[in-house]
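Colleague: Could you walk me through this model? I am new to reading structures, so please explain the terms.

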Amino acid sequence: MTVVAFAQRLAVVRSESRAWVLNLGALHTEPSPLVLEGAALEIWDRIDGSATVADIVEDLAHGLPSEAREQVSRDVPAFIDALVERGVVVWGSSVK
Amino acid sequence: MTLPLPVATALATAMCADGATQLGSRLLLIKGRSVEHYGLRRPRMSADIDILLQPVEAEQFVYCLEELGWKTRRGPERPEGARGHSVSLFHQAWPCDIDVHWEFPGFLEPASAVFDELWSRRVTIDVGNQPVAIPDYEGAALILALHSLRSTEDQARHARELDQLIDAVGAQDQAAALRALADATGCRHTAAPFLEQVGVITPPLPQPVPDALADWYAMTEAGGRLTAANLRAIRRLPWRRRPAAYARLAWQSEADYRLVHPETPTGWWPAFRGRLERVAEGLKAAVQARRTRDLVAKGHHPTRSRPPGGTSSGRDGEGGMS
């Protein structure tokens, strides 16, 4: 199973409604922190090194009407891909 | 989106700690969060972070920050050969400065030995999701005490912080531990106004009084208008070049004056008047420094009688010549 995990060298500061994430391993290309809020923060908070993209989609889409579920199932993988591209999130494997 | 200051200082701290680890350097976070961690100072918003490195490792660390776009903040001109004890760096995307120290004024043992001693007693805290080394309780207290004492007479905030520190440490029974660290780092006399208030007796002044200690007294009695580094550098010059060095120190260029006093209105006259006033203050400070050195040479302890809190005229920033 491919799970989503945080990169190793991250500086993170949290407030109630935002997270600021600085990739310490990529300061030459990304010298400023990434700011996450709203839906992005909802996704970020579900990354724990054991959840897959499908797990996160299911958790976020639970109880939503079908149209919104479709939206979630499109947006979450795209956002996680963007996080992987920025190096703040990595793919990992887990025995589930 | 603007980066809030508390967020920026936490992230910058984490960045520096991680950067030092990657370089194989040792780094201590000093002042700010480190003293607040022990309740030695009430939390307040800081516009910078202060880090202390081994002198031989500081230059490379600064170079690495510059590689990441941080720029050295230009300070006022120093006398020839004066290296100072720290450098401030800023970055256009960050609202906070990073102050990189390679020595801390008031610790009179060699900077490298002081760092080793503080490092050997370090405590690790989490800042921005990263492990960050800070001095232990006694180390943090002595650093804050020396920082406050360096300019107590000029800065109301430092006077208040010294009073808070004495209250906080006085409530603990730390005299023996503080004395041991003060002995190891060479601050029994420089931190005496603090140490005496928390139960550490000050030994008699060594005779002859070492230059570094005499400089400290001259600097603190001059209310931060002189710095030990500047005094040291001028003393190393041949006699015939010293008057000019003192004059250059007192009569700043307009650009240097505006660096320290950015509030000065535009136009040549306000800056000229301010520079004249500075010369007058500098002369007063030099006379005070000379008097202090004479007192110290006779074995008097100039700061022993100073009450905690001192007096204050509340003029921040004048002590910027580090």
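Modeller: We can talk about the contact between the chains and then turn to some strands. This is a predicted model, in which local features need pLDDT of at least 70 and side-chain atom pairs count only at pLDDT 80 or more, while totals for chains, interfaces and linings use all residues. Residues are numbered from 1 along each chain as its sequence is written, chains are lettered from A and ligands numbered from 1 in the order in which they are written, and side-chain values use heavy atoms, with hydrogens and water left out.

Colleague: How many residues does the contact take from chain B and chain A?

Modeller: Chain B gives 18 residues and chain A gives 17 residues, where contact means heavy atoms within 4.5 Å.

Colleague: Which residues form a salt bridge there?

Modeller: A:Arg9 pairs with B:Asp18, and their closest N and O atoms lie 2.6 Å apart; the term stands for a side-chain nitrogen of Lys or Arg within 4 Å of a carboxyl oxygen of Asp or Glu.

Colleague: OK, strands now: what does β3(A) pair with?

Modeller: Strand β2 (residues 10-14) of chain A pairs with β3(A) in the antiparallel sense over 5 bridges, and a hairpin of 3 residues joins them. Strands are DSSP runs of E, at least two residues, numbered from the N terminus, and two of them pair if DSSP finds at least two bridges between them.

Colleague: And where does A:Ala19 sit in that pairing?

Modeller: A:Ala19 in β3(A) is opposite A:Arg14, and A:Ala19 also stands opposite A:Leu36 in β4(A).

Note on methods
Helices (H or I, at least four residues) and strands (E, at least two) are DSSP runs, numbered from the N terminus.
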